[in-house]
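Colleague: Could you take me through this model? I would like the cut-offs stated as we go.

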Amino acid sequence: MNRRKLLISALVLILSGCALLHPQEPLRISVAGLDPLEGQGMEARFAVQLRIQNHSDKPIDYDGIALDLDLRGMSFASGVSDQRGTISRFGETVVTVPVTVPATAIIRHAFDLATGDRTKTEYELHGRLGGAGLAIGRSFNSTGEITLPTLPPEETQ
């Protein structure tokens, strides 16, 4: 009799655990803006504004974010932030993450931009939203295109 109760209890726990593992609606994340920050030494810093959309009927709590930003298929910048918050069900929010661009990436991308189209560039964004409390968190991947700022015309003297 005790063995049967134990077996039934174990089965109930396993099935309830499986119910919690339902597939999650993917997050939709895009670059909403890119502003320069003060850099140090030979590195550049930017504030990347990410638009995060929750296409699920359940709110998403997050605690921290990490991201890597690639431009034209090459590594460009990475950053982390310890921000926390909630993205409401069927809602969106904009999160700002400071990123660092190493000098090698600046040189590589400057050469690439000098020899190609200077107005728009493709990006790939990948990273992770940290889970709040005991939650696991959510990884994300996104691609898109950003318009680069135009350079002012050179002054003639």
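Modeller: A salt bridge here is a side-chain nitrogen of Lys or Arg within 4 Å of a carboxyl oxygen of Asp or Glu. This is a predicted model, in which local features need pLDDT of at least 70 and side-chain atom pairs count only at pLDDT 80 or more, while totals for chains, interfaces and linings use all residues. Residues are numbered from 1 along each chain as its sequence is written, and side-chain values use heavy atoms, with hydrogens and water left out.

Colleague: Which residue forms a salt bridge with D57?

Modeller: Side chains of opposite charge can pair when their charged atoms come close. For D57 the closest N and O atoms of the pair are 4.0 Å apart. D57 is partly exposed at 45% relative accessibility (buried means under 20% relative accessible area, exposed over 50%, partly exposed in between; 1.4 Å probe, protein chains only). The partner, also partly exposed with a relative accessible area of 46%, is K58.

Colleague: How many salt bridges are there by this rule?

Modeller: Besides D57 with K58, R51 meets E92 at 2.9 Å, N to O. D63 meets R84 at 3.3 Å, N to O. By this rule the count comes to three.

Colleague: How many residues apart are R51 and E92?

Modeller: R51 is partly exposed at 30% relative accessibility, and E92 is partly exposed at 44%. R51 sits in strand β2 and E92 in strand β5 (strands are DSSP runs of E, at least two residues; helices are runs of H or I, at least four; both are numbered from the N terminus). The pair links distant parts of the chain, and the separation is 41 residues.

Colleague: Is R84 buried or exposed?

Modeller: Its salt-bridge partner is D63. D63 lies in strand β3 and R84 in strand β4, so the pair ties together parts that are 21 residues apart in sequence. D63 counts as partly exposed at 30% relative accessibility. At 64% relative accessibility, R84 counts as exposed.

Colleague: What pattern does the protein chain follow along the sequence?

Modeller: The secondary structure comes to two helices and seven strands. Read along the sequence, the pattern is α-β-β-β-β-β-α-β-β.

Colleague: Which element gives the largest share of the largest nonpolar core?

Modeller: A nonpolar core is a set of buried Ala, Val, Leu, Ile, Met, Phe, Trp, Tyr and Cys residues joined through side-chain atoms within 4.5 Å. The largest has 26 residues, and those with the most contacts inside it are V31, L50, I52, L67 and L125. Elements giving two or more residues to this core include β1 (28-37), β2 (44-53) and β6 (120-131). The largest share, six residues, comes from β3.

Colleague: Which residues is V31 in contact with, leaving aside its neighbours within four places in sequence?

Modeller: Contact means heavy atoms within 4.5 Å. V31 is among the residues with the most contacts inside the core. With those neighbours left aside, its contacts are V48, Q49, L50, L69, Y123, L125 and I146.

Colleague: Where is S56, and is it buried or exposed?

Modeller: The backbone nitrogen of K58 lies 3.2 Å from a polar atom of the S56 side chain. Leaving aside neighbours within four places in sequence, S56 is in contact with E25, R89 and F90. S56 is in the loop between β2 and β3, and at 15% relative accessibility S56 counts as buried.

Technical notes: Polar contact = N/O pair within 3.5 Å; in protein donor to acceptor, adjacent residues only side chain to side chain.
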